[in-house]
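Visitor: Before we begin, I would like to hear how the labels attached to a model can be justified, one by one.

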Amino acid sequence: MQPRFHVPDIGPETPFADALRIAIADRGLALNRIQARLAERGLRVGIATLSTWQSGRRLPRAGSLAVVTALEELLELPAGWLAVRIPPARPESTVSHRPYAVVDYAATLTRLLDVVRGDAHGRLRSVTVVEEIVIGPDRSMQSKRVVQTLVAVKEVDRQIVVHQGEPGCDVALISPNGVTGCRTGRVARDPEAGAILGELLLDRTLHPGDTAVVHYEIVDRSGMPSTQYYRFHEWPGTHHVLEVQFHRDAMPVRVTEFRRRHSSGPDLVQRDLMMSPDGRVHVIAPEAEAGLIGITWEWD
């Protein structure tokens, strides 16, 4: 039986404070009652703090995410509905609401989005994403396999996925394929940027608060040697697992994790990764911030 949600009719661009205030009003709960119910769960938070959160004078930070999760349950909101609206902690990391602003080919993706379905952007939030990158014996990325859980913040019947191939690749040889929970729709390509943008048509129309699990893959037959892979997050809060599988005949000499606020920005995190005996490395981000999480490797 699916849980019941009381989801206010607001858009994904609505900030955390407004969303919290509207959700509290919709449920008709006083702040002292919310405080008491949080205390029953072992979560101590003052009425003044709740008041500043809903007024926008302050925002929850990493140490308060358990309280935000509990608020979502108490207010009968979908998981992540409030959390995804909390901007990253550092002021310099604030990301524009412009589509794909965290990558330097945002203008290209926006143009491709208009070709496919411009109004589909921002209607879904990612709760979890697990992806496996497969590197072949020719050192090229052969495929990307993804399992993703999603929650709708507006009515939606499709997911938009993007991918950028290696410099000089033939984008006609790169294709997104829906596996389960979705099927492949229209695909737009830009040869100069090596970018593709495609729609995955969901099995059903999602209403705000509805969730879905989709399995899809990106197949790359271009055969271009690869030295890195990253996934970008436009909104914070996604549980992200990234794994790269190297072919036994193409093992790199060094593998490194990196994280950035923007694709052309400096590395905020950089650390060497240990490879398993079967040629796998991985990175786990329990609550990814807006920006990039990736793995880079050296062949020689």
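Guide: What follows is a series of questions about labels and the values behind them, and the model in view is a predicted one.

Visitor: Why is Phe246 called buried?

Guide: Phe246 has a relative accessible area of 1%, and buried means under 20%, so the label applies to Phe246.

Visitor: What makes the pair of Phe246 and Trp297 edge-to-face?

Guide: The ring centres of Phe246 and Trp297 are 5.2 Å apart, with 85° between the planes; since rings pair if their centres lie within 6.5 Å and planes over 60 degrees apart count as edge-to-face, both conditions are met by this pair. Phe246 lies in strand S9 (residues 238–246) and Trp297 in strand S13 (residues 291–298), so that the pair links distant parts of the chain, 51 residues apart. Trp297, at 2% relative accessibility, likewise counts as buried.

Visitor: How do you know that Phe246 and Trp299 form an edge-to-face pair?

Guide: The ring centres of Phe246 and Trp299 are 6.1 Å apart, which is within the 6.5 Å limit, and their planes stand at 85°, which is over 60, so the pair is edge-to-face. Because Phe246 lies in strand S9 and Trp299 in the segment after S13, this pair ties together parts that are 53 residues apart in sequence. Trp299 has a relative accessibility of 10% and counts as buried. Ring pairs link Phe246, Trp297 and Trp299 into a cluster, and the structure holds 4 aromatic pairs.

Visitor: Why is H4 described as largely enclosed by the rest of the structure?

Guide: Of the 10 residues of helix H4, 7 are buried, so the helix is largely enclosed by the rest of the structure. The buried residues are Leu65, Val67, Val68, Ala70, Leu71, Glu72 and Leu74, and they pack against H1, H2, H3 and strand S12 (280–288). Just after H4, Glu76 takes a positive phi of about 60°.

Visitor: Which residues touch the most other members of the largest nonpolar core, and which helix supplies its largest share?

Guide: Leu20, Ile34, Leu38, Leu50, Leu71, Trp81 and Leu82 touch the most other members of this core, which has 26 residues. Helices H1 (16–27), H2, H3 and H4 (65–74) each supply at least two residues, while the largest share, 6 residues, comes from H4. Leaving out residues up to four places away in sequence, Leu71 touches Leu20, Ile34, Leu38, Leu50, Trp53 and Leu82. A second, separate core of 20 residues includes Leu109, Val116, Ala195 and Leu197.

Visitor: What is the geometry where H2 and H3 cross, and which residues make the contact?

Guide: The axes of helix H2 (residues 31–40) and helix H3 (residues 47–55) come within 9 Å and cross at roughly 115°, and the crossing is right-handed. H2 contributes Leu31, Asn32, Ile34, Gln35 and Leu38 to the contact, and H3 contributes Ile47, Leu50, Ser51 and Gln54; these residues divide into 5 nonpolar, 4 polar and no charged.

Visitor: How do you know that Ser263, a residue found in a loop, is buried?

Guide: Ser263 is in the loop between strand S10 (254–260) and strand S11 (269–272), but its relative accessible area is 11%, and as the cut-off for buried is under 20%, Ser263 is classed as buried. Apart from its neighbours within four places in sequence, Ser263 is in contact with Val102, Val103, Asp104, Tyr230 and Leu292.

Key: Residues are numbered from 1 along each chain as its sequence is written. This is a predicted model: local features need pLDDT of at least 70, side-chain atom pairs count only at pLDDT 80 or more; totals for chains, interfaces and linings use all residues. Side-chain values use heavy atoms; hydrogens and water are left out. Axes are lines fitted to C-alpha atoms, for helices over the stretch in contact, and angles run from 0 to 180 degrees between N-to-C directions. Helices (H or I, at least four residues) and strands (E, at least two) are DSSP runs, numbered from the N terminus. A crossing is left-handed if the near helix is turned anticlockwise from the far one by less than a right angle, and right-handed if clockwise. Contact means heavy atoms within 4.5 Å. Ala, Val, Leu, Ile, Met, Phe, Trp, Tyr, Cys and Pro count as nonpolar, Asp, Glu, Lys and Arg as charged, and the others, Gly among them, as polar. A nonpolar core is a set of buried Ala, Val, Leu, Ile, Met, Phe, Trp, Tyr and Cys residues joined through side-chain atoms within 4.5 Å. Buried means under 20% relative accessible area, exposed over 50%, partly exposed in between (1.4 Å probe, protein chains only). Rings of Phe, Tyr and Trp (its six-membered ring) pair if their centres lie within 6.5 Å; planes under 30 degrees apart count as stacked, over 60 as edge-to-face and the rest as tilted.
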